[in-house]
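Reader: I am new to this structure and would be grateful for a close look at one part of it. Please take a single pair of strands as the point of departure and then describe what lies around it and elsewhere along the chain.

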Amino acid sequence: MTQNDLLNISYANLDMARTEMTKLLSDRKPDYSLPRPLYNDPFLFRIDVEEIFHKEWLFVGMTSEIPGKGDYFTVEIAQSPVLIVRDADGSVNAFHNSCRHRGSRICTEHRGKVANLVCPYHQWTYNTKGNLLYAGTEMGDDFNIGDHKLRSVHCKTAGGFIFVCLGENAPDSDFDEFLATLDEYMAPYDVENTKLAVESNMYEKANWKLVLENNRECYHCAGSHPELLNTLLEWDDTTDPRASQEFLDYCARMAKEWDDENIPHEHKNFGKRNRLVRMPLKEGTQVMTIDGSQGSAKTLGRIQNRHLGSLRILHLPNSWNHMQSDHFIVFRVLPISAQESMVTTKWFVHKDAVEGVDYDPERLRQVWDATNDQDRILGEENQRGINSLSYQPGPYSKTYEFGVIDFLNWYSDRILTNLDGK
């Protein structure tokens, strides 16, 4: 069998997968989990990558991770290496981390600082705008240096968040409206004057959708997350159908404190993809530490009241976040294969906070290290059970799991819309 024969089989399988994906999502039972192939089939996973992770806006990191000219970090999005770098003018640029010569990765470290971007293979050199500066005289007189810039990636920032889109055309719809609101809601935290305190990367043997589904409900929290529930209130927000009057009264009292400090807190939804909601933590607690007391001696930005709770920010398909008075936590999920995902968690503090004096990284991460590992076990067992020949889609609770329903409705809509647009 020739290489072309193998390619034809591959393309035929992908075309069949697109047809099967369309059928499975069009025929799926509302408010039920997905059919088994959508959680474990490698060809349908390939469609997920092409139609979601190659076409939608993805959260990759925070601007304060790259505070100065030449600071960069790298991220791999479903086998596509991406480079995020701060330019001399202060802007944040994103490029495919692939040399225009023979494709080698240019930046091989996870993060660093450079004057220029130099490919380690043959020393082709680019500036932080992606322009090729040097390719050597070996390329010949007819070589046009201007034709070989780094391939750029769509990149937008707001409120200190960095989003990229790998697609040729980035979707806008209501995204810019969300970014404007994100700027407003994140202003009190002054993200540019924060720093990365600690980072973790957790490999999970579960489909990326199972990771997101687990995050979008707290139905499992009481039985699985004792550390988290020291401070977290299980209700999703004040519209949660389970919300008690006591909780609603507490939120009303906190809203007055938020107003007194000019902290935005009105619930904002942008379709099912993006959401911002400020929620109080348990009374008497400040932040998500093991005992609810301060995580850092220095509060963030203009925040003075340590009892402001958590600004929860959702961005589908791959991020949820908790902004608190003295540190904030961001989460990023990226797919590896049909049954593997990478969950990255980052903790940020005021840039002047001194490790070992103002904060202890181990204490900052204690609650979420435990919670992430508990969720990893849940996700992996969920995946193993779904792989069973006996698995059939099961019903979600409309009161406890409405967030999961919203996520799968968004996912189904985006896949079908993007497939239809081919």
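Author: A suitable place to begin is Cys155, whose bridge partner in S10 is Val164. The model is a predicted one, and the description below should be read accordingly. The bridge between Cys155 and Val164 belongs to the pairing of S9 with strand S10 (residues 161-165), which is antiparallel and extends over five bridges. In general, the strands of a sheet pair through backbone hydrogen bonds, in either a parallel or an antiparallel sense.

These two strands are part of an open sheet of three strands, arranged in the order S1-S10-S9 with antiparallel pairing. Strand S1 (58-62) and strand S9 (154-158) form the edges, each pairing on one side only. On average, neighbouring strands of this sheet are turned by 30 degrees against each other, direction ignored.

An annotation covers this region as well. In an unreviewed entry, UniProt places the feature "domain: Rieske" at residues 57-164. Over residues 57-164 the chain is 40% strand and 0% helix, and the C-alpha atoms at the two ends are 5 Å apart.

Elsewhere, helix H5 (residues 208-215) offers a view of a buried element. Seven of its eight residues are buried, so the helix is largely enclosed by the rest of the structure. The buried residues are Trp208, Lys209, Leu210, Val211, Leu212, Glu213 and Asn214. At the N-terminal end of H5, Asn207 acts as a cap: one of its side-chain oxygens lies 2.8 Å from the backbone nitrogen of Lys209.

Some details of the backbone also deserve attention. Most residues other than glycine have a negative phi, and most peptide bonds are trans. Asp31, although not a glycine, has a positive phi of about 65 degrees. Asp31 is found in the loop between helix H1 (3-27) and helix H2 (37-40), and it is partly exposed, with a relative accessible area of 21%. Asn262 is likewise not a glycine and has a positive phi of about 55 degrees. The loop that holds Asn262 runs between helix H7 (245-260) and strand S12 (268-270); Asn262 is exposed, with a relative accessible area of 57%.

The peptide bond from Leu316 to Pro317 is cis, with omega near 20 degrees. Pro317 is placed in the loop between strand S14 (310-315) and strand S15 (319-323).

Key:
Residues are numbered from 1 along each chain as its sequence is written. This is a predicted model: local features need pLDDT of at least 70, side-chain atom pairs count only at pLDDT 80 or more; totals for chains, interfaces and linings use all residues. Side-chain values use heavy atoms; hydrogens and water are left out. Helices (H or I, at least four residues) and strands (E, at least two) are DSSP runs, numbered from the N terminus. Buried means under 20% relative accessible area, exposed over 50%, partly exposed in between (1.4 Å probe, protein chains only). A polar contact is a pair of N or O atoms within 3.5 Å; within protein, one must be able to donate a hydrogen and the other to accept it, and residues adjacent in sequence count only if both atoms are side-chain atoms. UniProt positions are given in the numbering used here, feature names are shortened, and annotations may be inferred rather than shown by experiment. Two strands pair if DSSP finds at least two bridges between them. Axes are lines fitted to C-alpha atoms, for helices over the stretch in contact, and angles run from 0 to 180 degrees between N-to-C directions.
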